[in-house]
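Reader: I would like to learn how to read the contacts in a model of this kind. Could we begin with charged pairs and then move outward?

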There are 2 protein chains.
Amino acid sequence: MRYFMEPESTAIIGISRRSGPGSYNLMENMLHYGYQGRIFPINPQANEILGVKAYTNIRKVGLKIDLAIISLPRELVVKSVQECAEAGVKAVIVVGQGFADADVRGKILQHELIAIAKENGLRILGPNTLGVVNNFNNFTTSFMPLTREKSPVGLICQSGVFFVGAAVFSGQIGKGIDIGNACDIGFYEALKYFGDDPDIKIIAIHVEGLEHARPFLSLAGPIAREKPIVVFKTGQSEAGAKAAASHSGAMAGDYQIYRTALKQAGLLFLDEDGQMGDAVKTLLRQPPMKGNRIAVITVTGAGGIMATDALERYGLELASLSEKTISALADLSPEWMPLGNPLDLWPAVMKHGLRDIYTAILREVLADHNVDGALCISIAPKLPDFDFLDVSEQLNKIMDKKTEKPVVGWLYGPNVKEISEKFDKGNRITIYQTIEKAAWSLALLRERQQFLEKEDK
Amino acid sequence: MRYFMEPESTAIIGISRRSGPGSYNLMENMLHYGYQGRIFPINPQANEILGVKAYTNIRKVGLKIDLAIISLPRELVVKSVQECAEAGVKAVIVVGQGFADADVRGKILQHELIAIAKENGLRILGPNTLGVVNNFNNFTTSFMPLTREKSPVGLICQSGVFFVGAAVFSGQIGKGIDIGNACDIGFYEALKYFGDDPDIKIIAIHVEGLEHARPFLSLAGPIAREKPIVVFKTGQSEAGAKAAASHSGAMAGDYQIYRTALKQAGLLFLDEDGQMGDAVKTLLRQPPMKGNRIAVITVTGAGGIMATDALERYGLELASLSEKTISALADLSPEWMPLGNPLDLWPAVMKHGLRDIYTAILREVLADHNVDGALCISIAPKLPDFDFLDVSEQLNKIMDKKTEKPVVGWLYGPNVKEISEKFDKGNRITIYQTIEKAAWSLALLRERQQFLEKEDK
């Protein structure tokens, strides 16, 4: 995988002389991204491309080439890979479609690629792939522009949509490998690479079909002990599985069997396209949760009820709070206030102000031995006029002290974006778009802990 | 309800002389909001408040008072309501907590309020309420600042969180009634008011407990024919129901019974706190869906598979597209491309450009008699450099022509917010945060149509 992720020299075959918007010129994108290695553009009609000396054929380069990227119509790809082998290329990315994702002819062509790779000890990523992205060394083979962040998240996928839509799917990725049709490099090797990679702390995987599940699962279990692995399996339905076959050529297999097997191996299994971003955010920021007893702290009674409903949906329960925690709130509340969990702060707030009460109660909750995690609901007011209703700094400060309990939150009001960002900076209380998602995330942290305990035995 | 929503004169009892941030001064908020009626501040120690003549007791006003808002500690409320009755007040809002939401004493006090109301023909909203908001005449009784929009959405709720967090929950509201503990004015009258209100096209309801379900359902059915009604019921779980009892004093009842009964009456039933905003947005912009056959148009094969999975989850199916639709794409695609539904445009896009292809295919899909609705997946590129990948204007233009088929969409890429807003302006293709939500919304439109057909029989 090193030749794919950190090539010292890269040949680009089928590179156009056109550049600029609409040309999808991957050499231009690569230079723009900041690639530091040597580039050899290959084009039978050009002497130079974008100011770099071009060659009419890869065999004419005569220098060490770690990686070749082939963007040619499918009928020309087999010959091109053969030439790469002859030129001593270590790794080839086949970008184009029309192989196992297409017709019988495409399947035959893909088999020919596999044969050449095996014969020559050359490795192939693809076909039908955007290739790789590595934000730690500013390298990408994508012809589409990507956003970049040195995030400790490694993504393995079977579609470029996860590269281009990283912000939507996974909340940014640090490194990515699009295995496409996976004719040679597959999930196993990509996972092994990220498992060994010290830059990567979390691995996110999009699977259409997993052909050799057994070795993958044997590998994944031990890696998952160190680095959480989240998996989003598509082609869940019969119609979806059929669509997968004509997308990456994958055999989607039975969804429930996947679900059970992957969860048993300790992977965190996702069902919907909105969940990966929340999962990654949660696992990056929050510790595994030691039990399922949750304290809900809220400034809205209705929100507390919604939290209670959502927690139960995910197998979590309201903690029976210690007397000390309850009496801390009782001392501040009107005498008629029914007290318990959820801890409804509002009647006390009207009298004593929000900030002092929220910090006092969160502190009690974190110290309460009956509590494994907390779900906090607060308001996101307009600043600066209503800053006395913004508790982000005060709560962040409490969380600075080492606590092993996850704390998640939900905000409502006119200014959710700005106040969420203030919480984000503290990096200890993770804010979600809905109460439902906050509860779901606590359940994910519980599942993670249960796996780690199982493995400890 | 008119005295609550459009009072010509309003007394404010228990008004503080403090104003500005942190005072929660509802008179200040009311003036700031733009109330045009007459205000009578009632405060035993003040001659004037915020420049308006104050009275020591409501009985001293001696003028017609439509509405009185009482913000007093609970022990003072009963006497105050009695004085309102003597002063000829038509409607009273009791803001404070500590009634049926609290202890036995609170329950007794609430019963006394009901008795005074019945005796004097005076109506009470609350206790435990932010009151009302009416953005069509700039009136609110909330002591918390609200965002405002003349949106044709009427909200009935049992918590101020829906007023203050309207943007989070329902995507803005035009009018709102917080019935709180609902000691007198309840769901029935609030629903009737919005049912008759020409400003309101959609009614969103948050229920903790619905005490008199039968008359409510008899009323709701006929209204739902004209105006979609969405209901979010909280206190779903046993623990949640218990929490509801100490929030609004409501008996939450059995969730599945609610669910069945409300759905049967033609209400659209929501399960999670993130769904109300999507439901309102969908029903405001999209027509009911005549059948369950969906065309998926996508620029990412993987996205098409996710859409297929999600549609099946919600009981929708992939349309068997007409030959004409298929061949329109076939003419533009490479010969090896497997064609069907989802319509994967990408291989054609690389050759012919995205805009022409997307408009051509959407046009075919809208004309295809085998299709009842469409789910469109496209890219949200950086502008202006990559504007050739932005299809918002082109698709909006097609949709200008009257079509009776709902079209929903999902975008990925680095610029989702800006491109979504461009779609929003066209107001015909509704964009969702996830493919899952787009599919869910189509199912909601299907459910709506099925109810309308049932009623037509």
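Author: A salt bridge here is a side-chain nitrogen of Lys or Arg within 4 Å of a carboxyl oxygen of Asp or Glu. In this predicted model, E335(A) and R74(B) form such a pair, with their closest N and O atoms 3.6 Å apart.

Reader: How many salt bridges, and how many residue pairs in polar contact, are found across the interface of chain A and chain B?

Author: The rule finds 2 salt bridges across that interface, and it also finds 16 residue pairs in polar contact, both residues being at pLDDT 80 or more. On the side of chain A that touches chain B, the largest share, 8 residues, comes from α12(A), and the residues of that side divide into 36 nonpolar, 21 polar and 15 charged.

Reader: How should I read the size of the interface?

Author: The size of an interface is often given as the accessible area lost when the parts come together. Chain A and chain B bury about 5,700 Å² between them, with 69% of it on carbon and sulfur atoms; in chain A, the residues that lose the most area to chain B are Y24(A), I305(A) and W336(A), together 12% of what that side buries. The contact takes 72 residues from each of the two, chain A and chain B.

Reader: Within chain B, at what angle do the axes of α3(B) and α4(B) cross?

Author: The axes of α3(B), residues 74-86, and α4(B), residues 104-120, come within 10 Å and cross at roughly 0 degrees, which means that α3(B) is roughly parallel to α4(B). Among the residues that meet there are V77(B) and V81(B) in α3(B) and L109(B) and L113(B) in α4(B), and by class this contact has 7 nonpolar, 3 polar and 4 charged residues.

Terms used: Residues numbered from 1 in each chain as written. Chains lettered and ligands numbered in written order. Predicted model: local features only at pLDDT ≥ 70, side-chain atom pairs only at ≥ 80, totals over all residues. Heavy atoms only, no water. Axes fitted to C-alpha atoms, helices over the stretch in contact; angles between N-to-C directions. Helix = DSSP H or I, 4+ residues; strand = E, 2+ residues; numbered from the N terminus. Parallel < 35°, antiparallel > 145°, perpendicular 65-115°, else oblique. Contact = heavy atoms within 4.5 Å. Nonpolar A, V, L, I, M, F, W, Y, C, P; charged D, E, K, R; others polar. Buried area = accessible area lost by both parts, 1.4 Å probe. Polar contact = N/O pair within 3.5 Å; in protein donor to acceptor, adjacent residues only side chain to side chain.
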